[in-house]
Amino acid sequence: MDRTGTILIVRLDDPEEALAVARAAVAGGVRVLEITYSVPGALDVVRTLSREFAGDGVAVGVGTVLDEAAAFAAVRAGARLLVSPHLSPGMIRAAQRYGAVSVSGAYTPTEVVATLEAGADLVKLFPTENAGPDYARALLAPLPQASLVPAGGVSTGNVKDWFAAGVHAVGVGSAVTKAARPDGDMSRVTAAAADFLAAVADARA
């Protein structure tokens with residue numbers, strides 16, 4: 001993730017679409033995938049992608065990991081990244097135990113500090129509907145040690161503002177994952193992924 005500064009959040013209703021989107025996004029340069037537990041058969045999707053991309057420098061992870069049991073199941077399926085929308089000490093412990101990267105959700109300064117104290121590798125700024133780059137900047141002023149990853153509402157149009165505010169990486173979802181709708185042309189997902197990664201690279205330069 002340090003290389004691309006991007007997590008692709010795959011939250012789709014069909015496992016076959018999730019697989020096709022993930023493959024197309026990797027073709028566009030994505031190197032960190034978050035398959036959320038809300039995808040039907042999410043762990044089967046993770047197993048398939050983990051096998052396909054083994055040794056290719058692609059980290060396949062699981063999102064919406066709510067507790068330690070879900071974290072363990074995700075790791076057994078091949079997940080190298082565990083993402084939660086909230087602070088789950090059990091999830092963080094499982095990530096530490098099995099060598100996965102933990103991305104733990106927080107919103108307020110108190111939640112960010114608690115997440116850091118629990119040992120999370122990265123802090124997912126969530127939800128972001130009522131937050132923006134200015135809010136991230138305000139959080140990071142007293143907490144510069146927090147590696148913030150905003151998830152939601154990040155686009156090619158505002159990604160430069162997020163990185164200027166000091167975030168570590170960003171999560172992007174439907175702007176890439178739903179680019180093929182309505183006709184299923186996955187080349188548009190590949191193009192959207194490449195465009196987003198180019199905007200991130202420019203923002204980080």
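This is a guided tour of the structure above, moving from helix packing to empty space and then to backbone details.

The model is predicted, so that local features are given where pLDDT is at least 70 and side-chain atom pairs count only at pLDDT 80 or more, while totals for chains, interfaces and linings use all residues. Residues are numbered from 1 along each chain as its sequence is written, and side-chain values use heavy atoms, with hydrogens and water left out.

**Two helix pairs**

Select helix 3 (residues 68-76) together with helix 4 (residues 89-98), helices being DSSP runs of H or I with at least four residues and strands runs of E with at least two, numbered from the N terminus. The axes of these two helices come within 7 Å and cross at roughly 30°, where axes are lines fitted to C-alpha atoms, for helices over the stretch in contact, and angles run from 0 to 180 degrees between N-to-C directions. That angle makes helix 3 roughly parallel to helix 4 (under 35 degrees counts as roughly parallel, over 145 as roughly antiparallel, 65 to 115 as roughly perpendicular and the rest as oblique). Show the side chains next: Glu68, Ala71, Phe72 and Val75 of helix 3 meet Gly90, Met91, Arg93, Ala94, Arg97 and Tyr98 of helix 4, contact meaning heavy atoms within 4.5 Å. By class, this contact has 6 nonpolar, 1 polar and 3 charged residues, with Ala, Val, Leu, Ile, Met, Phe, Trp, Tyr, Cys and Pro taken as nonpolar, Asp, Glu, Lys and Arg as charged, and the others, Gly among them, as polar.

Move on to helix 1 (residues 15-27) and helix 9 (residues 187-204), which pack at an angle of about 45° with their axes 7 Å apart. Helix 1 and helix 9 are therefore oblique to each other. On the side of helix 1 the contact is made by Val21, Ala24, Ala25 and Ala27, and on the side of helix 9 by Val189, Thr190 and Ala193; by class it has 6 nonpolar, 1 polar and no charged residues.

**Cavity and pocket**

For the empty space, a 1 Å grid over the protein atoms alone is used: a cavity is a set of points where a 1.4 Å probe fits but cannot get out, a pocket is an open set with protein on both sides within 12 Å along at least five of seven lines, and lining residues have an atom within 4 Å of a point. Grid points are joined across faces, edges and corners, and a volume is the space filled by probe spheres set on the points.

The count comes to 1 cavity of 30 Å³ or more, and the largest cavity has a volume of about 40 Å³. To find it, select Ile7, Ile9, Glu34, Val83, Val103, Lys124, Val149, Ala151 and Gly171, which line it.

The largest pocket has a volume of about 340 Å³. Of the 20 residues that line this pocket, the closest to its centre are Ile9, Arg11, Ala151, Gly152 and Gly173. Helix 8 gives the most to the lining, with 3 residues, and the lining divides into 7 nonpolar, 8 polar and 5 charged residues.

**Backbone details**

Finally, go to Phe126 and Pro127, which are joined by a cis peptide bond with omega about -5°; Pro127 lies in the loop between strand 6 (122-125) and helix 6 (133-140). The peptide bond from Arg181 to Pro182 is also cis, with omega near 10°, and Pro182 is found in the loop between helix 8 and helix 9. End at Thr64, a residue other than glycine whose phi is positive, near 60°, in the loop between strand 3 (59-63) and helix 3.
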